[in-house]
Amino acid sequence: MSDIVRVALLGGGTVGSQVARLLTDSAADLQERVGAPLELVAVAVRDTNKPRAGIPSEVLTDDPFAVVSRDDIDIVVEVMGGLEPTRELLETALSNGASVISANKALLSEYGAGLHEIAHKNGVDLFYEAAVAGAIPLLRPLRESLAGDRVNKVLGIVNGTTNYILTKMGEGQDYAEVLAEAQRLGYAEADPTADVEGHDSAAKAAILATLAFHSSVTLGDVYCQGISSVTLRDVQAAADLGYVIKLLAVAERTPDGEGIVTRVHPALVPKAHPLASVHDAFNAVFVEAESAGQMMFYGRGAGGEPTASAVLGDLVTAARNRRAGAAGQAQSVYAGLTPRPIGEATTRYLVSLDVADQPGVLAQIATAFGQHGVSIQTVRQDTDEQGGATLLIGTHAAQEAHLAATVEELHDLDSVNEVVSVMRVEGAE
């Protein structure tokens, strides 16, 4: 066995540069922790002529396939992003006997099962702590620390861009204004679609659900709704009722215990709930386990240094395993729970209706709810000078399909001018 653990990087951007810097700056400490030096021997980038802080020019190459095909590479760190050719590169690296560290949530949510299979077949590691919540140690606790427990629900804020936008909207700024500010500050991309429409969170939710419930969940199994339709009026109304609006990733067992519903959408969170106090670009994930109870993981979910920290943690573990001639546990999907559609989700709701202010309206509306098995918990009415009224109806826990049928009927009632909004409520007692 070599006395040196040889590391290659795929990608030399913000995260890759920070990984390279930490490998150099912390070389002595890392050597003590691993029991051997970690040597950065290759960095694959698109443009080798571009100066890259922290990366020696002599290790740069524009041929990533040559890197992953080398026999002397022990660990490949992938921070280049994208689905192709990244998937083929990682399959090649794993097949060639190299362990892989990735921060690529989109790739792992689509092809994670196949990559794990190749890793297990070749006796190497596939780790991706940085793929879901940046520096927050989350995946390893789910995979290892809670291995003896039963997780019932995972819900959290896993996208810093949307949390920043919603935080600022809570301070009175409108959506377009805050989005432009987030882009200026570097929190949001020039094309923010992946963040604001929930796609980034959905990929992370699939990874979390797979680990938490020991069952295969892919991106296509996740219901996804973003925040682009959330208005300042919605945020202010939520505040008046004691809630904040957060974009949540939620994965939970179905009542029959045989399925999982995984969803991403804006939700009302009571101000007393720990997730309500997570502001700006921070992330937090709340886990409910049968024996351990409730726990929350909180910290910086993005950025070069936080993400590089998580990558280095995986790198040290993989390097130790290489030195010991071992590999970590294969992916655990023994439970085989079935991904179920959003219609089988059960939660509480707040329905806002613009109605005629006249006798009998509330009775008609209550009947519509009752006919579909949705129990009303609270009703609040606000009237205006034009003879109209706004009803805010809070429900007890109900199945999504039943609530959807109720809303469809409300649209057809003559006394209902408009179904203004339907918001799910999470974290309420």
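## Close-up views of a predicted model

**Figure 1. Strand S14 and its pairing partners.** In this predicted model, Val-355 of strand S14 sits across from Ala-389, a residue of strand S16. Strands S14 and S16, the latter covering residues 388-395, run antiparallel and are joined by 7 bridges. Strand S18 (residues 416-425) is likewise antiparallel to S14, and here 8 bridges link the two strands; within this pairing, Ser-352 lies opposite Ser-421 of S18. A further antiparallel pairing connects S14 to strand S17, which covers residues 398-399, through 2 bridges, with Thr-346 having Gln-399 of S17 as its bridge partner. S14 itself spans residues 346-356 and is mostly covered, with 8 of its 11 residues buried.

**Figure 2. Helix H8 and the elements packed around it.** Helix H8 is largely enclosed by the rest of the structure, because 10 of its 10 residues are buried. Among these buried residues are Gly-160, Asn-163, Tyr-164, Lys-168 and Met-169. The buried residues of H8 pack against several helices, namely H9 (175-185), H10 and H12 (232-240), and also against strands S7 (151-157), S9 (243-253) and S11. At the N-terminal end of H8, Asn-159 acts as a cap, with a side-chain oxygen placed 3.2 Å from the backbone nitrogen of Thr-161.

**Figure 3. The largest pocket and its lining.** The largest pocket has a volume of about 1300 Å³, and its lining is made up of 46 residues, with Lys-105, Glu-189, Asp-200, Ala-302 and Gly-303 lying nearest the centre of the pocket. By class, this lining contains 19 nonpolar, 17 polar and 10 charged residues. The elements that each supply at least two residues of the lining include helix H1 (14-25), helix H5 (105-121), helix H11 (199-213) and helix H13 (304-324), as well as strand S11 (282-289). Helix H8 (160-169), shown in the preceding view, is also one of the elements that supply at least two residues of the lining.

**Figure 4. The largest cavity and the residues around it.** The count comes to 1 cavity of 30 Å³ or more, and the largest cavity has a volume of about 30 Å³. Its lining consists of Val-67, Val-68, Arg-70, Ile-73, Val-76, Ala-93, Asn-96 and Ala-98. By class, the lining of this cavity has 6 nonpolar residues, together with 1 polar and 1 charged residue.

**Figure 5. The surroundings of Tyr-128.** Tyr-128 belongs to the loop between strand S6 (126-127) and helix H6. The relative accessible area of Tyr-128 is 6%, so this residue counts as buried. When neighbours within four places in sequence are left aside, the residues in contact with Tyr-128 are Ser-102, Leu-108, His-116, Leu-139, Ile-207, Leu-211 and Asp-314. The C-alpha atom of Tyr-128 is separated by 7.5 Å from that of Val-311, although these two residues are 183 residues apart along the chain.

**Figure 6. Arg-143 in helix H7.** Arg-143 is placed in helix H7, which covers residues 139-145. With a relative accessible area of 16%, which is under the 20% limit, Arg-143 is classed as buried. Not counting residues up to four places away in sequence, Arg-143 touches Phe-127, Leu-211 and Gln-329. Leu-211 is also one of the residues in contact with Tyr-128, the subject of the preceding view.

Note on methods. Residues numbered from 1 in each chain as written. Predicted model: local features only at pLDDT ≥ 70, side-chain atom pairs only at ≥ 80, totals over all residues. Heavy atoms only, no water. 1 Å grid on protein atoms, 1.4 Å probe; cavity = no way out; pocket = protein on both sides within 12 Å on 5 of 7 lines; lining within 4 Å. Points joined across faces, edges and corners; volume = space filled by probe spheres on them. Nonpolar A, V, L, I, M, F, W, Y, C, P; charged D, E, K, R; others polar. Helix = DSSP H or I, 4+ residues; strand = E, 2+ residues; numbered from the N terminus. Buried < 20%, exposed > 50% of the residue type's maximum accessible area, 1.4 Å probe, protein only. Pairing = 2+ DSSP bridges. Contact = heavy atoms within 4.5 Å. Polar contact = N/O pair within 3.5 Å; in protein donor to acceptor, adjacent residues only side chain to side chain.
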